[in-house]
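Here are my notes for your first look at this one. Have the structure open while you read, and take the points in order.

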Amino acid sequence: MDIRAQVSMVFHLDKCIGCHTCSVACKNVWTDRPGAEYMWWNNVETKPGTGFPHRWEDQDRYQGGWKLRNGKQLELKSQSKLGGLLKLFYNPNQPGLEDYYEPWTYEYENLFDAPEGDDQPTAIPISQITGEELKIERGPNWDDDLSGSPKYAANDVNYDALSEEERQQLFEIQRVAFMYLPRICNHCANPSCVASCPSGALYKRGEDGIVLINQDVCRGWRACVSACPYKKIYYNWVTGKSEKCILCYPRLETGQAPACFHSCVGRIRYLGVLLYDADRITSAMSTADPLLVEAQRDIICDPNDENVIASAKANGISDEFLEAARKSPVYKYVVKWKLALPLHIEYRTMPMLFYVPPLLPVMGKDGDQPYDHAEESFFSSLDKSRLSIQYMARMFSAGNESVVTSSLRKLMAVRYYKRMQQVGDLQEDKVKRILREAGTTPEEAEEIYLLTAVPTVHKRYVLPPIQREEAIGTSCDVQDCKGSCGFGSRSEAK
Amino acid sequence: MLELFAFVGLPYMAILICIVGVVWRLRKDPYGVTSLSSQFLEGKQLRWGSLPWHFGILLIFAGHLVAFLIPGMWQSLMSVPWLLVSVEVLGIAATLLCLIGLGVLFFRRLTTGKLQKTTKLADFVVTSLLIAQVALGLMVAGGYRWGASWSTGTLTPYVWSLVTLSPDVSVVRDMPLPIQLHMTGAWLILLILPFTRLIHMVSVPIHYLFRSPQKVVWSNPRRHEQAVTARVTQESRRHFLKAAFGLGTAGVLLSVGVLDKLGRFFQMPGMHKDEEANLLETRLRRLQLTAEEKELELERMRAEEIFVARLSELNGQAGKYFIDYAMRPGLAFKGEDGWPMLLSAKCTHLGCTVGNQVDASGRILCPCHVSYFDIKTGMPNPGAPAKAPLDKIAWVVRDQNGSEVATESARGSRTGRIDVAIADTCSLYIVKSLTLEA
């Protein structure tokens with residue numbers, strides 16, 4: 001047993017209002033630099049939709065993540081070792097600027113400097129790359145709220161599992177539904193970006209699991225950009241180095257939640273420690289697709305187990321970290337309640353960011369009533385859901401519908417339970433039956449309700465002290481670097 | 001002069017600047033070292049530029065390397081006609097690939113708007129230099145037949161002469177101009193390598209083939225300990241290597257010395273007659289001294305008494321030196337009462353021979369570390385480096401007939417009487433029995 005700790009995340013999608021505040025917070029803190037204008041370390045996508053970059057889930061095109069050779073051996077989808085060297089000169093799987101968008105600003109100066117004339121001066125859009133006038137054709141969230149559905153939503157990669165008839169149904173105006181999917185780096189436990197880096201610049205921090213790129217070692221070979229199945233590594237065309245979400249580690253190290261968490265309006269984000277057994281990563285990620293979610297849950301360890309604690313301590317994980325792991329809201333959502341699911345676990349990178357699937361767009365339509373309260377079919381609306389379970393399963397459980405269904409059922413049961421308490425139009429014995437069928441209890445339902453609906457900031461973000469003062473500098477000596485921390489361009493690229 | 005600069009000065013300068021420059025850049029500015037790929041901004045043309053260029057130049061480079069590293073074997077291979085022709089054809093094909101690739105890359109830089117933002121003057125300098133170099137190479141291959149074959153006999157010895165620090169320009173001096181220019185171009189490329197995007201050549205990630213897929217970096221205290229241990233192990237290994245290197249060097253130097261001596265021994269170098277005579281004289285003198293010493297020793301082993309001086313020769317101002325039974329120096333004085341005083345002259349501090357001149361307060365001086373000894377008692381002055389007194393030495397005085405007149409033991413007990421009248425005729429001896437008694 002080799003216990004590692006991971007600062008991991010849960011995004012509760014039912015609470016996301018799609019305001020992009022997280023994206024803007026991140027942009028202002030980290031990617032407002034030359035060469036990084038097009039990067040969105042945090043972005044919010046509308047699903048169904050093609051996402052950012054365009055159709056990032058299409059691994060036939062980008063070759064991200066891992067594949068199983070002979071159904072057993074994990075290997076990178078994007079490259080073999082030798083092939084990785086041959087792809088230095090030209091990487092056919094790397095997304096280009098056209099797959100993202102050409103970043104732009106507006107020529108605000110013209111509003112002040114324009115010569116006097118008959119017309120009102122305007123601020124025309126100009127490219128942030130060339131500085132020339134730009135006809136804007138695409139942006140990072142061009143498909144927001146299903147805009148441009150025929151081009152974007154209709155091309156959602158996750159529709160591949162649906163029949164043509166089912167697809168058509170999704171676009172019936174009466175049952176159109178969508179959800180938001182905020183995405184940051186998943187800080188995977190089996191990261192394909194780290195495995196693909198020819199220079200060895202990418203690494204995972206042992207004590208908190210943050211995946212980082214050492215900018216001094218990166219040589220800009222861009223293998224990570226195509227190897228990351230979530231396309232959360234971006235190439236900076238000015239510095240010639242790749243960059244990614246750093247989970248705001250300079251903020252974490254001073255006890256603050258990352259900028260996107262801190263600014264989240266819907267309070268959808270939870271941050272907490274998970275302990276997992278690093279020895280079993282490879283075997284867990286080598287199981288068959290439908291079992292992957294369960295395999296991942298299985299190697300996440302109980303922070304109260306004495307063997308786990310002993311092994312964690314042997315690995316130098318501090319008591320404060322273990323204490324945080326016991327209080328972790330993420331552990332509750334992922335393992336205890338089995339509500340939160342990883343995004344696209346079939347890429348086999350073992351993402352450590354989990355999503356509570358949204359119930360609202362799923363709720364079916366029953367006559368004139370949006371909710372089905374028919375006595376004998378509490379959960380029947382799931383079968384008649386607007387966003388099909390198949391679609392959700394494709395995103396959150398590698399196609400295993402029962403995993404998604406059981407999570408949604410439990411969410412639904414909690415609502416019935418609270419409805420009974422607060423509205424009082426449901427009978428207690430029926431609600432108890434609902435809870436039983438959803439595999440939960442009134443106590444658990446109450447707990448789920450409390451952490452979902454009315455948690456304080458300290459319940460949502462259980463931040464362990466990272467003990468930076470005890471850590472050896474991973475990039476430079478702490479004394480030498482005092483007064484400066486975090487990420488930035490220290491010198492001009494040559 | 002120009003010739004010397006082009007074929008000796010420039011190569012060494014280029015190699016030196018390249019090595020120093022690369023090390024400097026990697027240490028000083030690792031953040032600036034990158035391949036600076038522009039595939040992100042423009043990928044379609046890059047495919048047709050970068051791929052042909054890199055594969056072409058790698059093949060060409062491998063060819064050059066083979067001719068340099070294994071010239072003999074390569075030459076014998078190239079004497080097979082069909083092999084020679086295939087190699088030449090392959091080389092020219094690769095060169096054409098390079099030219100096409102470079103052309104596309106150059107054109108692409110000039111025409112794509114987005115790329116111009118990341119293009120610097122140095123990029124055009126580098127590309128132009130590479131195009132010129134490849135074109136010259138093609139001229140050489142096409143114009144001077146079978147370069148794969150003749151270069152092993154001409155260029156390879158020249159480059160090896162540079163490597164072995166004994167530059168020999170004779171073979172390249174009379175080469176045709178295109179070949180000379182091609183060589184100069186190569187040195188120029190090496191020269192600018194550290195300062196341009198060519199720096200990416202030193203970052204070829206061969207180690208990727210051998211590393212484990214995942215990389216986890218710990219920075220907590222326990223792992224820190226491991227890291228320190230690892231560093232210490234590394235350091236001790238480095239120390240061991242240093243020490244081994246030092247010992248090895250010392251060993252080599254020693255054996256060089258020994259071999260030199262051996263060589264000279266067997267070489268029997270002839271010596272000049274005068275030198276030989278001097279040497280023999282010195283040896284003889286040394287032997288004589290040794291013989292004298294041995295004689296004295298023998299005398300002291302055999303004789304019961306050893307003559308020191310006639311009483312008349314002694315005085316109180318300057319002592320007379322003699323050698324005692326223990327082969328140590330001694331000093332003989334005459335006291336105010338006319339009796340002799342015999343002292344060891346070996347300083348009790350570090351064994352120097354004490355001076356024989358008596359100063360105003362009746363003391364003799366050891367010149368080595370300035371100890372004054374009283375000649376009556378043998379005691380050193382207070383604060384002197386010597387702490388113990390000089391030993392007294394037993395003596396006997398005999399008259400001219402040889403009969404005993406007076407004695408004094410080493411402890412200072414006296415017998416007999418010295419008559420002033422006959423004192424001048426008496427002789428002083430040291431006595432073995434009395435000395436040993438002490």
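**Notes on the predicted model**

1. Let's start with a well-covered strand: of the 9 residues in β12(A), 8 are buried, so to speak mostly hidden. Keep in mind throughout that this is a predicted model.

2. What does β12(A) pair with? On one side, strand β1 (residues 3-12) of chain A is joined to β12 (residues 269-277) by 9 bridges, and the two run antiparallel. If you want to find the register, look for A:Gln6, which sits opposite A:Leu274 of β12(A). Another pair to check is A:Phe11, whose bridge partner in β12(A) is A:Arg269.

3. β12(A) also pairs with β13(A), again antiparallel, through 2 bridges. Here A:Leu275 has A:Cys301 of β13(A) as its bridge partner.

4. Now zoom out to the sheet. It is an open one with 5 strands of chain A, ordered β13-β12-β1-β15-β14, and its pairing is mixed. Why is one side of β13 (300-301) and of β14 (341-342) in chain A left without a neighbour in the sheet? Both stand at the edges and each has a single partner strand, so nothing in the sheet flanks the other side. As a reminder, strands of a sheet pair through backbone hydrogen bonds, either parallel or antiparallel.

5. Elsewhere in chain A there is a hairpin to look at. Strand β10 (residues 233-236) and β11(A) run antiparallel and are joined by 4 bridges. A:Tyr234 faces A:Glu243 of β11(A) across the pair. Between the strands of this hairpin are 4 residues, and A:Gly240 has a positive phi near 75 degrees.

6. Which way do the residues of β11 (residues 241-244) of chain A point? A:Lys241 and A:Glu243 go one way, A:Ser242 and A:Lys244 go the other, and all are buried. That fits the general pattern: in a regular strand the side chains alternate between the two faces of the sheet.

7. Over to chain B and its helix α9 (residues 177-192). With 16 residues at 1.5 Å a residue, the helix should span 22 Å, and the C-alpha atoms at its ends are indeed 22 Å apart, so the two values agree. Its buried residues include B:Ile179, B:His182, B:Met183 and B:Leu190. Viewed down the axis of α9(B), the buried residues fall within an arc of 95 degrees, so they line one face of the helix. What do they pack against? The partners are α1 (2-28), α6 (121-143) and α8 (170-173) of chain B.

8. Still in chain B, the domain assignment gives domain 1 (2-205) and domain 2 (300-437). The C-alpha centres of these two domains of chain B lie 94 Å apart.

9. Last, the contact between the chains. Chain A puts in 44 residues and chain B 42 residues. On the chain A side, the elements giving two or more residues are α3 (81-86), α6 (192-196) and β8 (202-205). That side of chain A divides into 17 nonpolar, 15 polar and 12 charged residues.

10. One detail of that contact deserves a look of its own. β8(A) and strand β1 (residues 216-217) of chain B run parallel and are joined by 2 bridges. To find the spot, go to A:Lys204, whose bridge partner in β1(B) is B:Val216.

Conventions: Residues are numbered from 1 along each chain as its sequence is written. Chains are lettered from A and ligands numbered from 1 in the order in which they are written. This is a predicted model: local features need pLDDT of at least 70, side-chain atom pairs count only at pLDDT 80 or more; totals for chains, interfaces and linings use all residues. Two residues are in contact if their C-beta atoms, placed from the backbone, lie within 7 Å. Ala, Val, Leu, Ile, Met, Phe, Trp, Tyr, Cys and Pro count as nonpolar, Asp, Glu, Lys and Arg as charged, and the others, Gly among them, as polar. Two strands pair if DSSP finds at least two bridges between them. Domain bounds come from an automatic or database domain assignment. A residue is buried if 20 or more other C-beta atoms lie within 10 Å of its own, exposed if 12 or fewer, and partly exposed in between; C-beta atoms are placed from the backbone. The expected span of a helix is 1.5 Å times one less than its number of residues. The arc is that of the directions from the helix axis to the C-beta atoms.
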